[in-house]
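Hello,

Here is the structure I promised to pass on to you. Have a look at it first, and then read my notes below.

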Amino acid sequence: MAADRTAPARDSEQAIAAALQRYRVMATVVGVLLVLLFVVAVPLKHWGGIPEPVTVLGTAHGWLYALFFLSAVDLALRAKWSLKGTAITLVLGTIPFLSFVGERTVTRKMRAGERV
């Protein structure tokens, strides 16, 4: 009886798909928080004298960016991304609106079987 040689490949594909899903969720959450921070909280602080939203959103974004970072690195290691692709993806998570562009680009490339 021959051993099933496709099982490890399927397990790897499933692990990459799960890592991509985790990355996408974290990229979206971090992106929304970053946009809210820069579009709502910073103007409220500087023009309205209300510093609390910056404190709350800034802290939330900082902690969740750490989870985004871990999910992106996990995906990069599983999918064998290039160092350049990994670094660009991590930096895009720190720039308002470009975090969404980065997430879509990564998702498109991963689904097409391309290396990031």
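Setting aside neighbours within four places in sequence, H61 is in contact with V30, L33, L34 and G93, where contact means heavy atoms within 4.5 Å. H61 belongs to helix α2; helices here are DSSP runs of H or I with at least four residues, strands are runs of E with at least two, and both are numbered from the N terminus. With a relative accessibility of 13%, H61 counts as buried. Buried means under 20% relative accessible area, exposed means over 50%, and partly exposed is in between, using a 1.4 Å probe and protein chains only.

Before you go further, please keep in mind that this is a predicted model: local features need pLDDT of at least 70 and side-chain atom pairs count only at pLDDT 80 or more, while totals for chains, interfaces and linings use all residues. Residues are numbered from 1 along each chain as its sequence is written, and side-chain values use heavy atoms, with hydrogens and water left out.

Now to the rest of helix α2. Its buried residues are V54, L57, H61, Y65, F68, S71, A72, L75 and A76. W63 also sits in α2, but W63 is exposed, at a relative accessible area of 65%. Between the C-alpha atoms of W63 and A87 there are 19 Å, with 24 residues separating the two along the chain. How far should the 28 residues of α2 span at 1.5 Å a residue? The expected value is 40 Å, and the end C-alpha atoms are indeed 40 Å apart, so the two agree. The expected span is taken as 1.5 Å times one less than the number of residues in the helix.

Next comes the partner of α2. Two packed helices are described by the angle between their axes and the distance between the axes. Helix α2 (residues 52–79) packs with helix α3 (residues 83–92) at an angle of about 160°, and their axes are 10 Å apart. The axes are lines fitted to C-alpha atoms, for helices over the stretch in contact, with angles from 0 to 180 degrees between N-to-C directions. The two helices are therefore roughly antiparallel to each other, the word for angles over 145 degrees (under 35 is roughly parallel, 65 to 115 roughly perpendicular, and the rest oblique).

Which residues make the contact? On the α2 side they are Y65, F68, F69, A72, V73 and A76, and on the α3 side T86, T89 and L90. They divide into seven nonpolar, two polar and no charged; Ala, Val, Leu, Ile, Met, Phe, Trp, Tyr, Cys and Pro count as nonpolar, Asp, Glu, Lys and Arg as charged, and the others, Gly among them, as polar.

The loops have something to show you too. K80 lies in the loop between α2 and α3, and its phi is near 55°, a positive value in a residue other than glycine. At 61% relative accessibility, K80 is exposed. In the loop between α3 and α4 you will find F97, which has a positive phi of about 70° although it is not a glycine.

Finally, two residues of helix α4 (residues 98–111). T105 is in this helix and counts as partly exposed at 30% relative accessibility. L98 lies there as well, and at 37% L98 is also partly exposed. The C-alpha atoms of L98 and V40 are 17 Å apart, with their positions 58 residues apart along the chain.

Happy exploring!
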